[in-house]
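The exercises below are meant for a reader who meets this model for the first time. Please look at the sequence and the structure together, try each task, and then compare your reasoning with the worked solution.

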Amino acid sequence: MAPPVAVSPLIKTARYSALIAGIIYGKKRYDHLKPIAAEERRIEEEEKKIKEEQDRIAKQLAEANEDTILK
């Protein structure tokens, strides 16, 4: 097997610079999207509660209509 080739310092610097820039970008992007996602989860939770309440009411009405003595 051939011995490893020495990598240019310019290439090493460029690689580590790109890595650090990517980490910084990812952190900023995460901080930007986190509150948006939290708001979406809150809205979905409220909608789920409303839907469950509507389903419960519909079920109660259906049961009330079934149990009549006028059949």
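**Exercise 1: L19 and its surroundings**

L19 has its place in helix α1, which covers residues 9-66, and the model in which this is seen is a predicted one. Task: work out whether L19 is buried, partly exposed or exposed, and find which residues make a nonpolar surface patch with L19.

Solution. Begin with the accessibility of L19, whose relative accessible area is 49%. Since exposed means over 50% and buried means under 20%, L19 counts as partly exposed. Then turn to the patch, which is nonpolar, has an area of about 530 Å², and is made by L19 together with Y16, I20, I23 and I24.

**Exercise 2: The overall form of the chain**

Task: describe which helices and strands the chain has, and explain why the chain is called more spread out than a compact globule.

Solution. The first step is to list the elements: the chain has one helix and zero strands. The second step is to compare two values, because a radius of gyration of 30 Å is well over the 11 Å that the globule rule gives for 71 residues, and the chain is therefore more spread out than a compact globule. The third step is to take the spans of the C-alpha trace along its principal axes, which are about 95 × 35 × 5 Å.

The surface can be added to this picture. Of the 71 residues of the chain, 0% count as buried, and the accessible surface comes to about 7,100 Å², with 63% of it belonging to carbon and sulfur atoms.

**Exercise 3: Charges and salt bridges**

Task: count the charged side chains, state how many salt bridges the structure holds, and examine the pairs K27 and D31, E46 and R42, and K51 and D55.

Solution. Start with the totals: there are 14 positive and 13 negative side chains, and the centres of these two sets lie 14 Å apart. The structure holds six salt bridges, and the three pairs of the task are among them.

Next, take the pair K27 and D31, whose side chains meet in a salt bridge with an N to O distance of 3.2 Å. Both residues lie in helix α1 and are four residues apart, which is about one turn of the helix. D31, with a relative accessible area of 41%, is partly exposed.

Continue with E46 and R42, where the salt bridge between the side chains has an N to O distance of 2.5 Å. Because these two residues are four residues apart in helix α1, about one helical turn separates E46 from R42. Both are partly exposed, E46 at 40% relative accessible area and R42 at 39%. A network of salt bridges links E46 and R42 with E39.

Finish with K51 and D55, whose closest N and O atoms in the salt bridge are 3.4 Å apart. About one helical turn lies between K51 and D55, because they are four residues apart in helix α1. K51 is partly exposed at 49%, and D55 is partly exposed at 42%.

**Exercise 4: Distances along the helix**

Task: for K49 and L10, and then for L33 and E44, set the separation in sequence beside the separation in space.

Solution. K49 has its place in helix α1 and counts as exposed, because its relative accessibility is 52% and the cut-off for exposed is over 50%. From K49 to L10 there are 39 residues in sequence, while the distance from C-alpha to C-alpha is 58 Å.

L33 also lies in helix α1, and with a relative accessible area of 38% it is partly exposed. Between L33 and E44, which are eleven residues apart along the chain, the C-alpha atoms are separated by 17 Å.

Methods
Residues numbered from 1 in each chain as written. Predicted model: local features only at pLDDT ≥ 70, side-chain atom pairs only at ≥ 80, totals over all residues. Heavy atoms only, no water. Patch = residues over 30% accessible without salt bridge, like charges linked within 9 Å, V, L, I, M, F, W, Y side chains within 5 Å. Areas by Shrake-Rupley, 256 points an atom, 1.4 Å probe, with all protein chains shown as cover. Salt bridge = Lys/Arg side-chain N within 4 Å of Asp/Glu carboxyl O. Buried < 20%, exposed > 50% of the residue type's maximum accessible area, 1.4 Å probe, protein only. Rg over C-alpha atoms; globule rule 2.2 N^0.38 Å. Lys, Arg positive; Asp, Glu negative; His and termini not counted. Charge placed at Lys NZ, Arg CZ, Asp CG, Glu CD.
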